[in-house]
Amino acid sequence: MYNHKEIEAKWQAYWEKNKTFKVKNDFTKPKYYTLDMFPYPSGAGLHVGHPEWMTANDIVARYKNACWFNVLHPMWWDAFWLPAENYAIKTWTHPRITTDANIATFKSQLKKLGFSYDWDIEIDTTDPKYYKWTQWIFLKLFEKGLAYEQDLPINYCPSCKTWLANEEVLNDFTCERCWTKVEKRKIRQWVLAITKYADRLLDDVDKLDWPESIKEMQRNWIGKSEGCEFSMKKVWDKVNSEGRESALGHENKTISVYTTRIDTVFGMTYAVLAPDHKDVMDFITPEQKEACLKYIEDSAKKSDQDRTQDDKEKTWVFTGSFVINPFNNKEVPLWIADYVLGNYGTWAVMAVPAHDTRDFEFAKKYDLEIITSVVIWAPWSYTWSYIISYNQDIENIIKNDDKKEITFSKSENCYSSIKWGIIIWWNAEVLVDLSKKYLELNNIDIKINTNYWNLVNSWKFEWLFSLNAIKSITEFAEENNFWTKKTNFKLRDWLFSRQRYWWEPIPLIHISTEDYEKIPRISDMNEKMEENIAYVYDKKWTEKRCKNCDCNDIWCTKLIINWKVFSKVYDGIYWKIVCDYNLPLELPNVADFAPSGDGNSPLAKVPDFVNIKLADNLTWKRETNTMPQWGGSCWYYLRFMDPDNSQNLVNPEIEKYWGQVDSYVGWAEHAVLHLLYARFWHKFLFDIWVVSFDEPFFRLRNQGLILAHAFQRKNWWLLANDLVEEKDWKYFEIETWEEVDRIVSKMSKSLKNVINPDDIVEEFGADSLRLYEMYMAEFKDSAPWDSKGIIWVRRFLEKAERIFTSEAKISTEDDNFTMKLVHKTIKKVQEDIENYKFNTAIAALIILVNNWLPKDSELQKEWKNTFIVLLNPFAPHLAEELWERIWNKHSISNETWPIYDEAMTIDDTITIWVQVLGKLRWTIEINKDEEQVSVLEKAKSNEEVAKWLEWKTIVKEIYVPWKIVNIVVK
């Protein structure tokens with residue numbers, strides 16, 4: 001009888017005792033590096049969704065090991081994270097205690113599932129020996145100018161008195177803990193210049209073996225666009241008897257805008273500023289000051305996501321000012337709108353309502369001018385086809401536009417129809433009124449033409465096609481020096497600091513300008529210096545080059561202490577900055593890890609950490625901002641290669657051997673941020689010669705979600721499972737006894753539909769859980785959990801075990817058929833593992849078992865040997881047990897993957913189609929080695945085919961071997 005508890009406990013103990021999966025740097029073998037993404041270790045432990053991708057990677061790891069690869073398959077804990085700190089604040093339990101407890105829980109659960117991890121190279125990102133190198137990478141980024149300070153607006157909760165990450169802010173822009181309205185406040189932050197790598201991050205996506213959907217998400221997030229940036233001068237505010245005076249010839253404020261559609265610039269009728277634009281107050285007139293300040297204040301209470309959501313109603317306020325379009329010297333009104341962000345692009349946009357839906361809705365709402373600058377023209381007519389003056393044809397054309405595909409220009413007397421490919425002009429107001437009235441009465445939506453067509457109302461560029469016009473307008477602008485050709489990215493620099501406790505400290509020290517100026521200067525490293533006294537070596541004082549300087553900056557300045565270079569001196573936005581290379585800079589173990597109350601990090605409340613005495617004449621302050629959780633997860637895959645190296649991040653020889661991660665598996669939700677950040681750090685490490693390859697993860701695969709049943713009221717509200725009762729195959733809410741619908745949804749603790757893998761392992765076994773999660777659907781597809789399914793795979797394992805007992809049955813097929821099936825199964829399982837099609841690989845194993853054993857005793861040994869090796873990646877505990885039973889020797893982990901005979905995978909008979917008169921008529925069975933003459937004769941003599949040949953003359957007979965017979969008749 002299959003006793004999964006006894007078998008699994010036995011072999012898990014064996015693997016741990018014998019270090020079966022210990023990784024060695026054996027450079028004589030080909031390598032294979034397989035890696036799991038891992039969730040943060042929470043107090044809730046694993047649910048059945050977690051083992052899905054881990055099982056997939058474990059199958060690949062065990063298969064590659066059997067193929068004689070040197071396999072690196074490690075486990076890690078991304079343990080610096082926000083929920084751990086929030087839980088610590090709530091329960092007043094130090095996050096170190098809860099994190100260690102959570103890791104212990106997760107580790108215990110994973111060991112019960114039989115994953116082939118080398119636990120000797122386990123990584124915890126909160127270990128100072130690990131984050132020493134995270135800090136080292138940050139310092140290298142800082143040295144290269146890729147980490148910089150910036151005052152940025154972020155989320156602040158006035159009740160909690162702390163800064164909030166975006167994930168802590170609810171959709172209504174309130175704090176998730178206290179529901180207080182969140183504010184936007186500026187604070188000094190650390191930012192990483194990921195945009196300097198934008199082109200490389202974008203271009204190199206194409207060489208990765210990733211799902212196309214994930215690659216497209218990265219492309220869209222980076223969002224490269226080619227366009228131009230130009231300035232628009234503010235119109236002079238002075239008003240005299242002759243009206244507002246032009247700003248031309250005066251010194252005025254300007255705004256800059258960026259566009260990819262310079263061909264529409266003559267259709268600009270207004271411009272828009274972000275409410276948090278740095279110069280917004282310079283454009284607000286006294287008459288509009290009160291309304292604008294109120295609008296700016298309200299905008300500060302909204303999140304960036306809320307401001308830019310497409311389905312949100314857009315709001316605006318007029319500044320009272322006008323700016324000048326330099327392409328036609330036309331004055332356009334300047335508005336403020338919160339959908340324009342103050343930390344992105346130029347913080348201002350030009351508005352072309354005839355060719356942008358959002359601008360068009362705004363223009364309609366405020367009755368602003370709409371000028372068509374790009375229209376559809378029928379070029380095949382050689383004249384301005386169907387140009388119509390005042391007559392009734394316009395009404396007929398509108399009426400016949402049954403798809404209601406009409407674009408409309410309010411001020412320039414022009415309709416154009418996408419369907420008809422025409423332009424319709426008119427000269428009489430009565431025709432305008434008629435057309436507008438018709439559109440309203442017939443509920444015709446006005447479509448905005450956003451395509452590339454022909455220019456109108458565009459000065460000397462009239463009737464040029466858009467792409468040609470872009471070139472001509474570009475040349476005109478360059479000649480007149482009022483624009484700059486520019487490449488823009490949606491990607492923004494990475495906000496890389498937090499004002500929290502449970503994160504990696506940033507190893508920088510700030511020195512006030514006043515204290516810095518008091519430090520004595522030296523012009524030569526050989527000058528007399530005193531012990532424990534700080535000096536500044538400044539190149540601008542001498543032409544000599546510092547022996548300890550490896551930079552090319554002729555103005556390089558260094559802080560010298562005890563005759564050694566402590567750090568180069570850098571300019572911060574408020575203070576001088578030096579690096580602390582005495583790593584790791586450990587997170588202090590404090591009792592009070594709650595927010596400081598003034599917006600600073602809790603570390604700011606720890607005097608022994610903040611105040612650092614660099615020398616007898618220099619005491620100053622450490623950086624108290626901390627790194628985000630992304631820091632430790634950006635490079636961890638490199639540390640697995642050489643986890644005990646205290647001198648280098650990774651040994652170069654070892655790094656070259658293991659190279660890229662060959663199989664990276666995990667959540668699709670990390671498609672952008674984690675993967676983009678890791679790629680950025682890796683490319684930087686490549687640039688500074690730490691790694692030898694420029695992409696971290698060659699192959700990426702994402703698993704589908706494991707879903708569960710939930711219950712839904714008629715009003716779409718979801719109910720927890722324990723609030724519902726089943727009766728007569730229907731489901732009812734217990735409290736109201738109203739019928740509810742059972743639906744499939746994501747597993748959620750609130751819905752009480754989360755399934756603990758420990759419960760499944762206890763009842764059915766780890767091998768059953770592994771098999772079921774891989775068999776329930778194709779790996780990339782989502783599927784609902786079904787308890788009946790796991791019972792079914794459990795029965796398969798029981799049947800597989802019986803084959804190795806006296807209960808084994810003999811196949812009713814001949815041995816040749818059975819052994820052919822063995823070779824077909826080897827090929828199928830092998831190919832399916834390589835392609836992450838685990839469900840069909842398991843199906844092939846099921847078919848093999850259902851056929852039972854061959855009759856010959858020697859062939860039975862071959863069958864059993866092969867089957868166990870094929871089963872091992874999927875159900876390793878049972879495979880080990882069966883291997884021991886028949887061979888009574890070493891672990892199956894040392895066995896080689898079986899090699900199939902291609903000839904044995906080809907059937908003796910083949911089914912092919914017969915085609916007559918160009919249509920498939922029937923199928924026939926042929927021998928694989930049957931001659932063409934025999935095949936054709938068999939096809940023509942087939943009863944179903946023969947009736948299509950009656951009373952016809954055969955013109956030609958074609959046989960494509962093993963595929964089709966085609967008979968041409970007349």
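**Figure 1. Buried residues and the chain as a whole.** Of the 970 residues in the chain, 53% are buried. Please keep in mind that this is a predicted model. DSSP assigns 28 helices and 44 strands to the chain. Among contacts with a separation of 6 or more, 71% are between residues 24 or more positions apart.

**Figure 2. An open sheet of four strands.** Here you can follow the strands in the order β6-β5-β7-β23, with antiparallel pairing. The edges are formed by β6, residues 162-164, and β23, residues 494-495, each of which has a pairing partner on one side only. As a reminder, strands of a sheet pair through backbone hydrogen bonds, and they may do so in a parallel or an antiparallel way.

**Figure 3. A closer look at β5 and β6.** Strand β5 covers residues 147-157 and is joined to β6 by three bridges, the two strands running antiparallel. A handy place to start is Asn155, which stands opposite Leu164 in β6.

**Figure 4. A helix lying across the sheet strands β5 and β7.** Helix α5, built from residues 128-143, lies across both β5 and β7. Strand β7 spans residues 183-192, and α5 runs at about 90° to β7.

**Figure 5. Helices α23 and α25 side by side.** Two packed helices are described by the distance between their axes and the angle those axes make. For α23 (residues 815-834) and α25 (residues 857-871), the axes come within 11 Å and cross at roughly 20°. Because angles under 35 degrees count as roughly parallel, α23 is roughly parallel to α25. The crossing of α23 with α25 is left-handed.

**Figure 6. The residues that meet between α23 and α25.** From α23 come Asp815, Thr818, Met819, Val822, His823, Thr825 and Ile826. They meet Leu859, Glu862, Trp863, Thr866 and Leu870 of α25. Sorted by type, the residues of this contact are six nonpolar, four polar and two charged.

**Figure 7. His823 and its surroundings.** This view centres on His823, a residue of helix α23. Is His823 buried or exposed? Its relative accessibility is 11%, and the limit for a buried residue is under 20%, so His823 counts as buried. Which residues does His823 contact, leaving aside its neighbours within four places in sequence? They are Glu862, Ile899, Tyr900, Asp901, Met904 and Thr905. Glu862 will be familiar from the previous view, where it is listed among the α25 residues that meet α23.

Definitions and conventions: Residues are numbered from 1 along each chain as its sequence is written. This is a predicted model: local features need pLDDT of at least 70, side-chain atom pairs count only at pLDDT 80 or more; totals for chains, interfaces and linings use all residues. Side-chain values use heavy atoms; hydrogens and water are left out. Two strands pair if DSSP finds at least two bridges between them. Contact means heavy atoms within 4.5 Å. Axes are lines fitted to C-alpha atoms, for helices over the stretch in contact, and angles run from 0 to 180 degrees between N-to-C directions. Angles under 35 degrees count as roughly parallel, over 145 as roughly antiparallel, 65 to 115 as roughly perpendicular and the rest as oblique. A crossing is left-handed if the near helix is turned anticlockwise from the far one by less than a right angle, and right-handed if clockwise. Ala, Val, Leu, Ile, Met, Phe, Trp, Tyr, Cys and Pro count as nonpolar, Asp, Glu, Lys and Arg as charged, and the others, Gly among them, as polar. Buried means under 20% relative accessible area, exposed over 50%, partly exposed in between (1.4 Å probe, protein chains only).
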